[in-house]
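Let's take a walk through this model together, one piece at a time. Have the 3D view open so you can follow along.

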Amino acid sequence: MMLKAKRPVFYTGGGVVTGKASEGLTDLVKQLGYPITTTLMGIGAYPQSDRQCLGWLGMHGSYESNMAMHHADLIIAIGARFDDRVTNSTSKFCPTAKIIHVDVDPSSISKTVRADVPIVGPASSVINEMISLVQGHKIAHPEALTEWWEKIDGWRADREGKLYEPSKVGEALKPQEVIEALCRVTRGEAYVTTDVGQHQMFAAQYYKFDKPNRLITSGGLGTMGFGFPAAMGIKQNYPDDDVVCVTGEGSFQMMMQELSTCKQYGVGVKIVNLNNASLGMVRQWQDLNYKSRHAHSYMESLPDFHMLIEAYGFTAITVNTLDELEPALERAFADKHELVFLDVKVDPFEHVYPMQVPLGAMRDMLLSKTERT
């Protein structure tokens with residue numbers, strides 16, 4: 001099935017990361033030349049900077065990854081569980097695809113989407129067996145694969161330069177710009193933790209991870225407050241690496257008292273607060289589904305984060321404009337052992353896109369406030 005497919009896609013999840021199977025997965029995908037997409041928890045299992053990587057898929061996944069999944073004739077799922085953040089409506093999920101599903105947990109196979117070929121086993125050993133099986137064999141339809149890549153590249157080109165509207169002089173920063181600048185300054189090599197909300201999605205979309213275990217997030221558990229202590233734990237284990245918590249002003253207040261722990265033990269994490277003065281993801285859903293009738297989504301009693309951080313004896317930097325952003329990030333990462341807090345004021349009206357249309361197929365997406373597929 002893998003060699004005969006005309007429109008194949010690898011769909012890989014957190015099981016590849018926890019199963020330490022990233023190296024084998026990369027070898028297999030490279031050997032076949034097929035496109036690959038990952039779940040949020042599988043980010044970094046395959047290098048995101050590589051052409052064959054379509055990004056991650058699902059509710060806020062990339063346009064090309066969702067389109068490729070919908071039109072695939074074979075999905076090779078490894079260490080992924082077909083959760084509702086990926087599939088959207090299961091009755092409309094990838095209607096022309098056969099599914100090979102590899103998982104260490106037999107109860108996950110065919111739980112929500114029926115597998116045509118169920119394989120129970122650890123990701124690493126199954127991938128190694130797959131490599132040995134396809135080695136020395138040619139794919140049956142190379143011309144079809146060429147056409148498939150042309151289609152995927154067309155979807156990519158459709159969205160090039162249209163992912164978001166950059167901020168203009170005098171306007172509030174766009175959160176996407178902040179994450180892109182963070183990736184440049186850290187050369188894509190930092191350990192990045194997140195809390196939950198819009199900032200979590202922007203971090204996953206615009207920071208490019210080429211290694212596993214570099215994006216540490218609570219995924220769909222919705223755990224506000226997760227990011228800061230997670231960053232502290234990573235920094236204790238990797239004191240000479242850059243560790244940054246990307247957070248929002250709502251999430252950070254859940255665990256901000258851990259600044260005391262950082263002071264006590266000299267934990268030099270960096271904190272990038274995408275401050276839009278609201279619970280952004282809640283407000284986004286209220287904008288889209290409730291005609292912008294906002295209830296309990298605006299933070300009307302925020303502290304002065306700059307003064308708060310300085311009260312603990314740490315360095316705080318407030319960023320209001322694009323020209324202030326990169327110098328502030330350079331300053332923050334100048335000393336790997338210093339805790340620095342960046343309070344970045346971002347556009348409070350920005351939404352996370354793409355966004356799947358609820359109860360639709362994978363190809364049904366809102367692309368902006370005015371566009372949809």
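**Starting from a single pair**

Begin with Thr-12, which stands opposite Ile-78 in strand 4. Keep in mind as we go that this is a predicted model. Thr-12 belongs to strand 1, residues 8-12, and strand 1 pairs with strand 4 (residues 74-78) in the parallel sense over five bridges. Strand 1 also pairs with strand 2 (residues 36-38), again in the parallel sense, over three bridges. Here you can find Phe-10 opposite Ile-36.

Is strand 1 buried or exposed? Five of its five residues are buried, so strand 1 is largely enclosed by the rest of the structure. Both of its faces are covered: Pro-8, Phe-10 and Thr-12 are buried on one side, and Val-9 and Tyr-11 on the other.

The UniProt record, an unreviewed entry, places the feature "domain: Thiamine pyrophosphate enzyme central" at residues 2-129. That span is 28% helix and 21% strand, and its end C-alpha atoms lie 13 Å apart.

Next, have a look at a pair of helices. Helix 3 (residues 63-71) packs against helix 6 (residues 142-159) at an angle of about 145°, and their axes are 9 Å apart. From helix 3, the contact is made by Tyr-63, Glu-64, Met-67, Ala-68 and His-71, while helix 6 brings Trp-148, Ile-152, Trp-155, Arg-156, Asp-158 and Arg-159. Sorted by class, this contact has six nonpolar, one polar and four charged residues. The crossing of helix 3 with helix 6 is right-handed.

Now turn to another sheet. Here six strands form an open sheet with parallel pairing, in the order 8-7-9-10-12-11. Which strands stand at the edges? They are strand 8 (215-216) and strand 11 (315-319); each has a single partner strand, so one side of each is left without a neighbour in the sheet. The partner of strand 8 is strand 7 (residues 191-194), and the two pair in the parallel sense over two bridges. In one of these bridges, Thr-193 is matched with Ile-216 of strand 8.

Helices lie on this sheet too. Helix 14 (residues 322-332) packs on it and touches strand 10, strand 11 and strand 12, with a direction that makes about 165° with that of strand 11. Helix 7 (residues 175-185) lies across strand 9 (243-248), strand 10 (270-275) and strand 12 (340-345), and runs at about 160° to strand 10.

Note on methods:
Residues numbered from 1 in each chain as written. Predicted model: local features only at pLDDT ≥ 70, side-chain atom pairs only at ≥ 80, totals over all residues. Heavy atoms only, no water. UniProt positions renumbered as here; feature names shortened; annotations may be inferred. Helix = DSSP H or I, 4+ residues; strand = E, 2+ residues; numbered from the N terminus. Axes fitted to C-alpha atoms, helices over the stretch in contact; angles between N-to-C directions. Left-handed = near helix turned anticlockwise from the far one by under 90°. Contact = heavy atoms within 4.5 Å. Nonpolar A, V, L, I, M, F, W, Y, C, P; charged D, E, K, R; others polar. Pairing = 2+ DSSP bridges. Buried < 20%, exposed > 50% of the residue type's maximum accessible area, 1.4 Å probe, protein only.
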